[in-house]
Amino acid sequence: MSNVTIWVAYNTDDQCFASHESAQEAIEGLVEGFGYGEGARVVELQLKLPSAQPIAAQASVVDDDDIVSVSVE
């Protein structure tokens with residue numbers, strides 16, 4: 001299992017900014033991008049996720065308007 005913490009800052013205008021580094025980074029990103037609105041909050045999300053498995057994707061893109069085929073293993 002992997003433990004992941006994400007901070008989401010949001011304002012009264014329903015705009016948000018998320019950070020996986022810190023609550024301070026989340027609020028700074030919100031303010032720089034959107035402003036406080038009439039107020040802002042930060043929510044901390046602590047997630048327990050299954051261990052990451054490597055995923056390989058392969059795409060074949062052709063020159064004409066044919067369908068693109070993608071497979072994930």
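Asp14 counts as exposed, at 73% relative accessibility, where exposed means over 50% relative accessible area, buried under 20% and partly exposed in between, with a 1.4 Å probe and protein chains only. The model is a predicted one, in which local features need pLDDT of at least 70 and side-chain atom pairs count only at pLDDT 80 or more, whereas totals for chains, interfaces and linings use all residues. Residues are numbered from 1 along each chain as its sequence is written, and side-chain values use heavy atoms, with hydrogens and water left out.

Asp14 is located in the loop between strand 1 and strand 2; helices (H or I, at least four residues) and strands (E, at least two) are DSSP runs numbered from the N terminus. The hairpin of these two strands has 4 residues between them. Within that hairpin, Asp14 takes a positive phi near 60°, a positive value in a residue other than glycine. In space, the C-alpha atom of Asp14 is 9.9 Å from that of Phe34, although the two residues are 20 apart in sequence.

The chain as a whole contains 1 helix and 5 strands, and their sequential pattern is β-β-α-β-β-β. Of its 73 residues, 14% count as buried. The chain exposes about 5900 Å², of which carbon and sulfur atoms supply 51%; these areas come from the Shrake-Rupley method with a 1.4 Å probe, and for residues only the protein chains shown count as cover. A contact requires heavy atoms within 4.5 Å. Among contacts between residues at least 6 apart in sequence, 45% join residues at least 24 apart.

An open sheet is formed by 3 strands in the order 2-1-3, with antiparallel pairing; two strands pair if DSSP finds at least two bridges between them. Strand 2 (16-19) and strand 3 (40-49) stand at the edges, each with a single partner strand, so one side of each is left without a neighbour in the sheet. From one strand to the next, the twist averages 20°; axes here are lines fitted to C-alpha atoms, for helices over the stretch in contact, and angles run from 0 to 180 degrees between N-to-C directions. Strand 1 is joined to strand 3 by 10 bridges and to strand 2 by 4 bridges. One position on the strand 3 side is Val4, which stands opposite Leu47.

Trp7 has a partner in each of the two edge strands: Glu44 is its bridge partner in strand 3, and Ser19 stands opposite Trp7 in strand 2. Apart from neighbours within four places in sequence, Trp7 is in contact with Phe17, Ala18, Ser19, His20, Glu21, Ser22, Ala23, Ala26, Val42, Val43 and Glu44.

Trp7 also belongs to the largest nonpolar core, whose 5 residues are Trp7, Ala9, Ala26, Ile27 and Leu30. Such a core is a set of buried Ala, Val, Leu, Ile, Met, Phe, Trp, Tyr and Cys residues joined through side-chain atoms within 4.5 Å. Strand 1 (2-11) and helix 1 (23-33) are the elements that give two or more residues to this core, and helix 1 provides the largest share, 3 residues. In soluble globular proteins, nonpolar side chains tend to be buried together.

Two polar residues in the strands are also buried. Ser19, in strand 2, counts as buried at 4% relative accessibility. Its contacts, again leaving aside neighbours within four places in sequence, are Thr5, Ile6, Trp7, Glu25 and Ala26. A polar atom of the Ser19 side chain lies 3.3 Å from the backbone nitrogen of Ser22. The C-alpha atoms of Ser19 and Ala9 are separated by 8.5 Å, with the two residues 10 apart along the chain.

Asn11, in strand 1, is buried with a relative accessible area of 3%. Beyond residues up to four places away in sequence, Asn11 touches Leu30, Phe34, Gly35, Tyr36, Gly37, Gly39 and Ala40. Among these, Leu30 is one of the residues of the nonpolar core.

Definitions and conventions:
Polar contact = N/O pair within 3.5 Å; in protein donor to acceptor, adjacent residues only side chain to side chain.
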